[in-house]
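Work through the exercises below with the structure in view, and try each task before reading its solution.

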Amino acid sequence: MTTQEKVWKEIPMAGVCWKPSTQYLTGDWKTYKPIRDLEKCTRCVLCVLFCPDGAIHWKPEKEDIEFDFNFCKGCGICANECPVDAIEMKLAEET
Amino acid sequence: MAVAKQKMLALNGDEAVAYAVKQSDVDVVAAYPITPQTIIVERFSEYVADGEVDTEFVCVESEHSALTACLTAAATGARAFTATASAGLALMHEILYVTSGCRAPVVMAIVNRALSAPLNIHCDHSDSMVERDCSWIQIYVENSQEAYDSIIQAFKIAENQELLLPVMVGLDGFTLSHTLENVQTLPDDLVKKFVGTRKFPLVTSHEGKNVPFKLDPKKPMTIGPIDLYDYYFEHKRQQEEAMQIAPKIIQQVHKEYAKISGRRYGNGLIEPYHLEDAEMAIVCVGSTSGTVKTVVNELRSKGTKVGLLRLRTFRPLPVKEITKALENVKAVAVMDRSLSFGGHGGAVFHEIRHVLYDASKHPYVVNYIYGLGGRDTSPNLIQKIYRDLQRILETQQIEKPVQFIGLRE
């Protein structure tokens with residue numbers, strides 16, 4: 001949760017968002033973090049398609065995927081869907 | 001502006017509401033039928049079928065959906081109306097809070113009816129009194145004429161740019177909803193002009209731009225998303241602020257309406273009746289105040305100093321006005337057509353005693369629970385209440401602060 005300090009008179013009514021959702025870093029909610037085995041990973045990009053938060057990106061210049069840990073909530077769907085078991089969920093505080 | 005020439009129609013309370021909605025240039029009506037409200041949407045659907053209005057009429061599968069449809073329509077900038085009663089309002093409970101939280105100025109007629117069980121279709125105020133905390137303005141009317149007038153006023157109140165709160169107009173089931181009355185109606189064009197078109201305050205969107213407060217794909221914004229411990233509290237404080245300015249806006253709209261219609265209901269918040277020199281007063285809401293007025297006239301003709309304070313607006317509670325109106329009264333009987341079980345009386349009683357705690361003089365205040373499930377409240381019962389107040393003043397003692405009246409004991 002990003003710390004904010006605006007008082008009630010300064011914010012728009014009805015919960016209208018006054019900044020884009022990309023400014024709310026939801027990645028710090030996570031308990032588990034996906035750790036990828038680069039040897040096993042076939043770059044099939046199924047994890048990119050399944051990620052509910054759009055936190056895994058395909059980087060054409062690197063021909064590889066990249067996790068965006070600012071938004072990855074650690075749900076583990078990528079690890080579950082990976083056809084070659086290349087992703088392991090580890091306690092975030094231990095990584 | 002001079003008072004307009006009006007047309008007298010024979011309408012029951014529900015028809016009066018439907019007629020007011022028809023004249024108020026409403027964009028969306030979504031509703032589900034429930035007795036004793038059904039006539040409102042039935043009549044209105046006829047207006048739609050006959051091409052008398054260009055309103056989008058949405059037949060939904062429940063009241064939960066009805067209010068959701070109205071709330072979302074209002075969020076896009078439409079003028080939206082629905083009507084319900086009893087169990088229908090209870091089913092809307094969740095969405096009542098969503099509507100006010102999204103600052104969607106929906107107007108809803110509540111045809112007050114008891115809640116089950118046992119099943120009962122007749123009037124009491126249990127359905128709307130239990131919703132007093134949901135940040136909706138609540139207006140209770142005395143007769144069908146006032147139901148017509150209040151619905152028209154409600155759109156203008158709700159849509160005020162400073163306010164943007166939904167409004168409930170409560171009318172007593174059957175007593176008003178199904179009873180034919182002479183109702184003076186204003187010309188169509190005048191009502192349309194009075195309610196006007198919706199205007200939108202500017203708010204800062206997620207793109208950092210100031211845009212009109214409505215959902216518009218060309219000027220996107222998000223209304224009412226997740227809001228945790230960092231901002232939820234601040235948004236609730238804003239709703240309370242709107243409630244604080246509401247009395248001013250309700251009075252202003254009431255006054256403007258009086259100019260074209262010639263009709264006033266006190267100051268729009270409270271209607272004092274013979275209170276100037278009254279020693280004893282009844283406080284109540286809704287149609288029973290008509291019966292109380294008859295009894296006040298009768299007792300006054302015999303020289304008894306009695307009066308009535310009718311609360312027209314229950315939310316926001318007109319604290320200052322109540323305090324002032326009752327400042328010289330020595331004994332007050334508050335009549336409640338609902339009961340907070342185990343709560344030492346009914347909702348109106350709680351609030352009136354609560355307001356008077358801060359007053360400079362403290363009258364005796366007692367509570368009468370009456371008319372649950374449509375039980376008739378005759379002038380005899382009202383006379384008994386005034387006799388009880390007389391006895392309290394003579395003995396300087398309250399025997400029972402909370403009593404039932406009209407109950408077989």
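**Exercise 1.** Find which residue in E4(B) is the bridge partner of B:Val29, and state how E2(B) and E4(B) run.

*Solution.* The bridge partner of B:Val29 in E4(B) is B:Phe81. Strands here are DSSP runs (E, at least two residues), as helices are (H or I, at least four), numbered from the N terminus. Strand E2 (residues 28-31) and strand E4 (residues 80-84) of chain B run parallel and are joined by two bridges, and two strands pair if DSSP finds at least two bridges between them. This is a predicted model, in which local features need pLDDT of at least 70 and side-chain atom pairs count only at pLDDT 80 or more, while totals for chains, interfaces and linings use all residues. Residues are numbered from 1 along each chain as its sequence is written, with chains lettered from A and ligands numbered from 1 in the order in which they are written.

**Exercise 2.** Place these strands in their sheet, and explain why E3 and E14 of chain B each have one side without a neighbour.

*Solution.* The open sheet of seven strands in chain B has mixed pairing and the order E3-E2-E4-E5-E7-E6-E14. Strands E3 (56-59) and E14 (313-315) of chain B stand at the edges with a single partner strand each, so one side of each is left without a neighbour in the sheet.

**Exercise 3.** Determine how many residues of chain A are in contact with chain B.

*Solution.* Counting two residues as in contact if their C-beta atoms, placed from the backbone, lie within 7 Å, 14 residues of chain A are in contact with 20 residues of chain B.
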